[in-house]
Amino acid sequence: MKDNCEHTLLLFEDLINRHTDLVFHVARSWTGDVGQAEELTQLTFIKAWKAFHQFQTNTNFKAWVLKILRNTFIDRKRAQKKDREIFSLENLSREQEPEAEVPPPQSIDFENREIFYDLFGDEIARLLKKIPEDFQLAVLLCDVEGLTYPEIADVLHLPVGTVRSRIHRGRAMLSELLQDHAKNIGYIREKKT
Amino acid sequence: MNCPEVISLIRDYVDHELAPQEMSQMKAHLDKCSSCTERLEEERYLKLSIRKWVKSDPAPAGLTNVIARQIRTQKKIQTSWLKRRTLIFVSLAGAFLLGGLSVWGWLSFSKDQAVSTPSEWTRELVNDHVRYLSVVNPAQHLASSAKEVEKISLSKVDFSLRLPEFTSEEMKLSGVRFCRLLDRRIALLFYERNGKRLSLFAMKDEGIDFSGMNLVDRLPCSCATKACSGYRVVAWRKNGFLYSLVFSEQQNDLLDLVRNTYQY
Ligand SMILES: [Zn+2]
């Protein structure tokens, strides 16, 4: 280890600060358990630190660290296989999800779209929780974390087409919920079809 | 491109996932079609609002610090392990020259020394704790004080056991088992506290490090904790022993019990 190790460590600590929530969120979505997610998050960053010299600065750290999380999760599942747990991530990648075309975005006749989103945007986080977790995760990785479809496919171990379909369907479901909400509070005149 | 084609690709367009040629074809259409532009605006608003309002769920407080500290500790361990490995290597190389020790010998030697990861042994501890929960009195030997257990241990294990004296009146020792866990001789003490069973595992402090666990501050001994399947393990090193207390997550105040036992 070199003397500039301390500098690298500080840089890495900054990356930990900025990405712990994301890694933890994904880990919990996979494990469904806070304790396991905590453990996976720790292991992931320790592995990431050990492999940090291989990280290429022009690539996306989020995608890189989430791939380490995915591998750590898979290793863990393999090790636990004797406990006959379902190997969910592997199963997911094997079964081909239908990549059915998602209905195209609808035109909604808001009184005023800008004001609607300003007033009720905070409902989005709550409503997103209502859609299936796989779709939430795909939408989060794409829209919030800014990962590309191929990067997400890599992290989730899924075909790009499945990822695309999950993002599109996820947003369509969210939009539907948002419209229902807007209708309930009388903010949409009527839906054009 | 016609309207249906454009609309079917609007989400990909918003996500910048189209090839440059498709992007410019889309743009050309959108520039002159207000109905498709309307749909695009809808999707764009939705995407931007998601970005603005949705965040990853926050990780448990302190997790970031725990990770940073682990990495710093690991750095130290790695450095000292490297030194130790060099020493082992040098001495074995000597032995090899002298006695013709084979490389295979070295390999199996380093395999024997393999340590179990904290998640492995905390899981083992929790499994054992849970296994005995269903047994009315799992103790092989009844004992009501740490001193008694230490006396019994003299004929049971190949080390002279030293146990913590918990300061709390609520901790009632009921007995001890001597068993093996992860290939180690251990003493497993059963306590009762407010009607709930606790297990204290005591073993020689060898080959287990606290990486992957949450370190506990402000104690005169090295102490770490970890949650596992609804139970919590608090482990600490003292007098050459490694003690691990296992209890239900609902009894989280027990960490204070360990603190109080050692704080001066
Ligand atoms: Zn059009």
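A network of salt bridges links A:Asp143, A:Arg171, B:Arg11, B:Asp15, B:Glu43 and B:Lys47 in this predicted model. One pair within the network is B:Asp15 and A:Arg171, whose side chains meet in a salt bridge at 3.0 Å, N to O. Over all chains, a search of the whole structure finds 25 salt bridges. The points below take up the pair between chains, then two pairs within single chains, and finally the nonpolar cores.

**The pair between chains**
- The salt bridge of B:Asp15 with A:Arg171 crosses between chains, starting from the loop between helix H2 (10–14) and helix H3 (20–32) of chain B, where B:Asp15 lies, and reaching helix H9 (residues 160–184) of chain A, which holds A:Arg171.
- Both partners, B:Asp15 and A:Arg171, are buried.

**A pair within chain A**
- A:Lys62 and A:Glu145 are joined through their side chains by a salt bridge with an N to O distance of 2.9 Å.
- This pair links distant parts of the chain, 83 residues apart, with A:Lys62 in helix H3 (residues 61–79) of chain A and A:Glu145 in the loop between helix H7 (133–144) and helix H8 (149–156) of chain A.
- A:Glu145 counts as buried because its relative accessibility is 13%, which is under the 20% cut-off.

**A pair within chain B**
- The side chains of B:Glu170 and B:Arg193 also meet in a salt bridge, here at 3.2 Å, N to O.
- Because B:Glu170 lies in the loop between helix H8 (146–153) and strand S2 (172–181) of chain B, whereas B:Arg193 lies in strand S3 (residues 184–193) of chain B, the pair ties together parts that are 23 residues apart in sequence.
- The two partners can be described separately in terms of burial: B:Glu170 is partly exposed, with a relative accessible area of 37%, while B:Arg193 is buried, with a relative accessible area of 7%.

**Nonpolar cores**
- The largest nonpolar core has 62 residues, and A:Phe12 and A:Leu66 are the ones that touch the most other members.
- Helix H1 (residues 5–31) of chain A gives the most to this core, contributing 11 residues.
- When residues up to four places away in sequence are not counted, A:Leu66 touches A:Leu22, A:Val23 and A:Val26, together with A:Leu141, A:Leu147 and A:Val155.
- Another core, of 34 residues, lies apart from the largest one, and its members include B:Phe159, B:Met171, B:Ala187 and B:Leu254.

Key: Residues are numbered from 1 along each chain as its sequence is written. Chains are lettered from A and ligands numbered from 1 in the order in which they are written. This is a predicted model: local features need pLDDT of at least 70, side-chain atom pairs count only at pLDDT 80 or more; totals for chains, interfaces and linings use all residues. Side-chain values use heavy atoms; hydrogens and water are left out. A salt bridge is a side-chain nitrogen of Lys or Arg within 4 Å of a carboxyl oxygen of Asp or Glu. Helices (H or I, at least four residues) and strands (E, at least two) are DSSP runs, numbered from the N terminus. Buried means under 20% relative accessible area, exposed over 50%, partly exposed in between (1.4 Å probe, protein chains only). A nonpolar core is a set of buried Ala, Val, Leu, Ile, Met, Phe, Trp, Tyr and Cys residues joined through side-chain atoms within 4.5 Å. Contact means heavy atoms within 4.5 Å.
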